[in-house]
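Please work through the exercises below with the sequence and the model side by side. Each task is followed by a solution in steps.

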Amino acid sequence: MFKQKTKDENTPVEQLSVSAFGYEILRSDLLPELLGKQERNILYWAGRHLARKYPLHTMEEVHAFFVEAGWGTLEMIEASKTEMNFSLNSQLIVQRMENFNHQTFSLEAGFLAEQVQLQKKCTTEALESIKRNKVFITVQWDKKDTIE
């Protein structure tokens, strides 16, 4: 679904995978060290940037992207006229919470905020929270603050 582009579109791209350990060492050890106190903000805006690079047209596509990116299973818990609440789950997330003191899901929150903004055509923001070792993301928007 979200394949890398090649120089020659007739040449298939080899499917590669990264071990959970390799992913987590970058995500939970290296990035916090490099980004320091600004980690949450930088990852949030990086997520928004990725969403603009990979625009999706439906929430089903967003769910599929999360799975394919290895970010977990995104489930909408509830929705209203100005807000959507999601949970994010995966074995990798459970392991991250068990093995690392520091967790942030602002990359995923930023990505989700931008996808909803692109779909709803109004300014959005997302907040992440961890409650009882579960990840929740709330996306809010203002229908009066439209974008083109």
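The exercises treat the fold, the salt bridges, a cavity, the surface and the backbone.

The model is predicted, so local features need pLDDT of at least 70 and side-chain atom pairs count only at pLDDT 80 or more, while totals for chains, interfaces and linings use all residues. Residues are numbered from 1 along each chain as its sequence is written, and side-chain values use heavy atoms, with hydrogens and water left out.

**Exercise 1. State which elements the protein has and in what order they run.**

Step 1. Helices (H or I, at least four residues) and strands (E, at least two) are taken as DSSP runs, numbered from the N terminus. The protein has five helices and four strands.

Step 2. Read from the N terminus, the order is α-α-α-β-β-α-α-β-β.

Step 3. Buried means under 20% relative accessible area, exposed over 50%, and partly exposed in between (1.4 Å probe, protein chains only). Of the 148 residues, 35% count as buried.

**Exercise 2. Identify which parts of the chain are linked by the salt bridge of Glu 24 and Arg 96, and by that of Glu 108 and Arg 27.**

Step 1. A salt bridge requires a side-chain nitrogen of Lys or Arg within 4 Å of a carboxyl oxygen of Asp or Glu. The count by this rule is five.

Step 2. Glu 24 and Arg 96 meet at 2.9 Å, N to O. This pair joins helix α1 to helix α4 (residues 91-99), across 72 residues. Glu 24 is buried because its relative accessibility is 5%, and Arg 96 is buried because its value is 3%.

Step 3. Glu 108 and Arg 27 form a salt bridge at 2.7 Å, N to O. Here helix α5 is linked to helix α1, with the partners 81 residues apart. Both Glu 108 and Arg 27 are buried.

**Exercise 3. Determine which residues are linked in a network with Arg 48.**

Step 1. The side chains of Arg 48 and Glu 114 meet in a salt bridge of 2.7 Å, N to O. Arg 48 belongs to helix α2 (residues 39-53) and Glu 114 to helix α5, 66 residues apart.

Step 2. Arg 48 has a relative accessible area of 3% and is therefore buried; Glu 114, at 4%, also counts as buried.

Step 3. Arg 48, Arg 52 and Glu 114 are linked in a network of salt bridges.

**Exercise 4. Establish which residues form the nonpolar patch on the surface.**

Step 1. Patches are made of residues with over 30% relative accessible area and no salt bridge, with like charges joined within 9 Å and nonpolar side chains (Val, Leu, Ile, Met, Phe, Trp, Tyr) within 5 Å. Accessible areas come from the Shrake-Rupley method with a 1.4 Å probe, and for residues only the protein chains shown count as cover.

Step 2. The patch consists of Phe 21, Ile 25, Leu 26, Leu 30 and Leu 34, with about 520 Å² of accessible area together.

Step 3. Leu 26 lies in helix α1 (residues 20-35). Leu 26 is partly exposed because its relative accessible area is 48%.

**Exercise 5. Locate where Lys 121 and Arg 132 lie, and describe their phi values.**

Step 1. Most residues other than glycine have a negative phi.

Step 2. Lys 121 has a positive phi, near 60°. Lys 121 sits in the loop between α5 (106-120) and β3 (122-131) and is partly exposed, at 47%.

Step 3. Arg 132 also has a positive phi, near 50°. Arg 132 is placed in the loop between β3 and β4 (134-146) and counts as exposed, at 79%.
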